[in-house]
Amino acid sequence: MQAKEQGFIRCHDCGALSETHHKLSHCPRCDSLLHARHPHSLQRATALLISSFLLYIPANIFPVMIVNQFGTGEPNTIAGGIVELFDSDMIPIGLLVLVASILVPSSKLIGMSVLILCAHFRWQINACRWTKIYRAIAFVGRWSMLDIFMISILVDLVNFSGIQIIAGSAATAFAAVVILTMLAAENFDPRLLWDNQQNL
Amino acid sequence: MPITDYDICPECDLLLKAALPKIGEKAHCPRCGLLLSHPRKRSIERTFALSIAGFILFFPSLLLPMVGVTIMGNVSTGVLYAGVIALFNDGMEAVAIVVFLASILFPLVNISLALLISGHLYFNRYHRYLTVWMRWMQNLNEWGMLEVYMLGIIVACVKLVALAQLNFGWGLYAFVALLIITTLLTSNLDNVLFWQRIEQLRKGRHHAG
Ligand SMILES: [Zn+2]
Ligand SMILES: [Zn+2]
């Protein structure tokens with residue numbers, strides 16, 4: 001049984017409860033708009049997710065940064081940067097970047113797609129488990145910005161006549177992927193997973 | 001039963017009897033396991049003190065040099081805001097803006113809002129924008145990424161250690177302190193209590209006249 005069916009709405013911002021039959025449009029406590037579910041949750045999450053899928057391709061193909069050493073430029077893709085860390089025996093840091101820049105974004109894209117499909121097709125799933133997966137996706141998303149911050153620091157520090165690091169075009173695409181997937185997770189309403197379950 | 005005795009889980013929409021955990025205890029949703037409330041000892045006082053400290057620490061960590069590198073006799077020092085400028089000069093405006101927002105503006109706005117709100121609550125002062133500030137602070141919280149930036153500094157240093165000599169400046173120590181303060185701030189800020197106190201202040205004002 002959902003609170004929505006029992007006639008109650010919870011304010012998304014302050015958590016105050018209102019009764020549906022009062023037909024309030026704004027929260028009596030904090031004055032923000034009341035919605036039983038995030039408005040257009042699935043449409044927005046899907047649109048954001050499709051955009052991030054498309055941007056994920058250039059983010060991985062093009063170089064995120066270019067190391068210019070004595071006139072010759074060496075482009076570095078995201079994967080290339082990780083291989084380089086492994087080659088110079090920086091295994092723990094290499095693993096960290098591997099998790100933050102490759103495993104987290106790709107599992108986020110896949111996880112969000114499955115969540116949207118579950119909610120859209122009203123599949124009978126273990127809602128508790130998928131809510132926890134959703135929570136994990138929403139929690140780890142921000143850590144993918146690691147690569148972008150690292151590039152901003154390197155670009156600033158290594159700027160000499162002999163050696164220079166400049167940001168590549170994939171950095172823009174990758175930053176966009178991180179932000180769009182964070183927004184997709186924010187717009188997805190996990191309560192939709194529970195609304196579809198027949199035996200609660 | 002009055003409506004205030006009920007609570008709803010924000011992630012699975014289960015209607016519950018409002019749990020009133022004691023200080024230090026946690027209340028979880030019985031159906032999906034979400035942490036519903038976790039009251040902290042002296043939340044308002046601590047938030048007020050931590051946000052003052054964070055606000056002061058913000059400026060040395062923004063302005064003082066964090067990392068210095070020496071490559072083949074050339075020396076350069078990195079400051080928090082300089083990465084944004086360097087990206088801008090390279091023609092990466094979009095990335096520069098993202099880095100600026102996530103590592104500078106949003107953390108600063110967050111600390112300032114926490115300071116404003118907890119200050120008003122500490123001195124029992126009502127302000128008609130308290131609810132707006134609260135909503136902004138809650139929504140911006142996710143977008144300030146100081147801890148991710150810290151990890152970025154570590155990875156950048158590891159990458160440079162092979163080709164450069166590194167030395168660390170006061171900006172970095174201030175940044176680490178700021179990071180610890182903001183982490184403590186988010187864990188001590190009890191949203192449920194803050195909303196209750198804001199409502200009390202508003203009602204008290206209406207009764208007074
Ligand atoms: Zn509200
Ligand atoms: Zn729940």
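Here's a short back-and-forth about the two zinc sites and the domains in this predicted model.

Me: What makes the four cysteines the donors of the zinc ion (ligand 2)?
Reply: Distance. B:Cys9, B:Cys12, B:Cys29 and B:Cys32 each offer an SG at 2.2 to 2.4 Å, and the cut-off for a donor is within 2.8 Å of the metal, so they count.

Me: Why is the site of that zinc ion (ligand 2) called tetrahedral?
Reply: Its four donor atoms make angles of 103 to 113°. Four donors qualify if all angles lie between 85 and 135 degrees, so tetrahedral it is. Along the chain, the donors follow C-x2-C-x16-C-x2-C. B:Cys9 sits in the loop between strands S1 and S2 of chain B, while B:Cys32 is 23 residues away in the loop between S3 and S4.

Me: Why does B:Cys9 count as buried?
Reply: Its relative accessibility is 0%, and buried means under 20%, so B:Cys9 passes. B:Cys32 also has 0%, so that residue is buried too.

Me: How do you know that the site of the zinc ion (ligand 1) is tetrahedral?
Reply: The angles among its four donor atoms run from 102 to 115°, which fits between 85 and 135 degrees. The donors are the SG atoms of A:Cys11, A:Cys14, A:Cys27 and A:Cys30, spaced C-x2-C-x12-C-x2-C.

Me: Is A:Cys14 buried or exposed?
Reply: Buried, because its relative accessibility of 8% is under 20%. A:Cys30, at 1%, is buried as well.

Me: Where are the domains of chain A?
Reply: Domain 1 covers 1–36 and domain 2 covers 40–195, with C-alpha centres 35 Å apart.

Conventions: Residues numbered from 1 in each chain as written. Chains lettered and ligands numbered in written order. Predicted model: local features only at pLDDT ≥ 70, side-chain atom pairs only at ≥ 80, totals over all residues. Heavy atoms only, no water. Donors = N, O, S within 2.8 Å, 3.2 Å for Na, K, Ca; no water. Tetrahedral: all angles 85-135°; square planar, octahedral: opposite > 155°, others 65-115°. Helix = DSSP H or I, 4+ residues; strand = E, 2+ residues; numbered from the N terminus. Buried < 20%, exposed > 50% of the residue type's maximum accessible area, 1.4 Å probe, protein only. Domains from an automatic or database assignment.
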